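Work through the exercises below with the sequence and the model in view. Each task is followed by a solution in steps.

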Amino acid sequence: MALRMRQTTDAFEQAMHQEMAEDRAHREHLRRAAAKRSRARRREQERSRASLRFVVLVLTLLATAAGVTVAMFEILYAVLG
């Protein structure tokens, strides 16, 4: 009887250790997946900010070119007129 109870206890203990190891592996998997999603989200945010900065740069350059052109022709008109 004592031997059977000892085997049952050992089996229970072994199952418990197995479950703890699986749980640890599952938590690690979830942590890595969350970190991967976080990195992807950060990359996407940086990409969208870079696109916005590029659009602002292009618009600034176009506005500067237009302003310089208008000012140049007005000064030319004033000098020749």
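**Exercise 1: Overall form**

The protein has one helix and zero strands. The model is a predicted one.

Task: Decide whether the protein is more spread out than a compact globule or not, using its radius of gyration.

Solution.
- Step 1. The radius of gyration is 35 Å.
- Step 2. For 81 residues the globule rule gives 12 Å, and the value for the protein is well over that, so the protein is more spread out than a compact globule.
- Step 3. The box filled by the C-alpha atoms, taken along the principal axes, is roughly 120 × 5 × 5 Å.

**Exercise 2: Surface and burial**

Task: State what share of the 81 residues counts as buried, and what share of the accessible surface belongs to carbon and sulfur atoms.

Solution.
- Step 1. Buried means under 20% relative accessible area.
- Step 2. Of the 81 residues, 0% count as buried.
- Step 3. The accessible surface comes to about 7,800 Å², and carbon and sulfur atoms account for 65% of it.

**Exercise 3: A nonpolar patch**

Task: Find which residues make the nonpolar surface patch of about 680 Å², then classify L61 by its relative accessibility.

Solution.
- Step 1. The patch is made by F54, V55, L57, V58, L59, L61 and L62.
- Step 2. L61 lies in helix 1, which covers residues 2-80.
- Step 3. The cut-off for exposed is over 50%. L61 has 54% relative accessibility, so L61 counts as exposed.

**Exercise 4: Charged pairs along the helix**

Task: Describe the salt bridge between R31 and E28 and explain how far apart the two residues are along helix 1.

Solution.
- Step 1. The side chains of R31 and E28 meet at 2.6 Å, N to O.
- Step 2. Because R31 and E28 are three residues apart in helix 1, about one helical turn separates them.
- Step 3. R31 is partly exposed at 49% relative accessible area, and E28 is partly exposed at 30%.

Task: Compile further salt bridges, including those of R47 and E46.

Solution.
- Step 1. R47 pairs with E44, with the closest N and O atoms 3.1 Å apart. These two residues of helix 1 are also three residues apart, about one turn.
- Step 2. E46 pairs with R53, with 3.2 Å between the closest N and O atoms.
- Step 3. E28, R31 and R32 are joined into one network by salt bridges that share partners.
- Step 4. The count of salt bridges comes to five.

Conventions: Residues are numbered from 1 along each chain as its sequence is written. This is a predicted model: local features need pLDDT of at least 70, side-chain atom pairs count only at pLDDT 80 or more; totals for chains, interfaces and linings use all residues. Side-chain values use heavy atoms; hydrogens and water are left out. Patches are made of residues with over 30% relative accessible area and no salt bridge: like charges are joined within 9 Å, nonpolar side chains (Val, Leu, Ile, Met, Phe, Trp, Tyr) within 5 Å. Accessible areas come from the Shrake-Rupley method with a 1.4 Å probe; for residues, only the protein chains shown count as cover. A salt bridge is a side-chain nitrogen of Lys or Arg within 4 Å of a carboxyl oxygen of Asp or Glu. Helices (H or I, at least four residues) and strands (E, at least two) are DSSP runs, numbered from the N terminus. Buried means under 20% relative accessible area, exposed over 50%, partly exposed in between (1.4 Å probe, protein chains only). The radius of gyration is taken over C-alpha atoms; the globule rule is 2.2 Å times the number of residues to the power 0.38.
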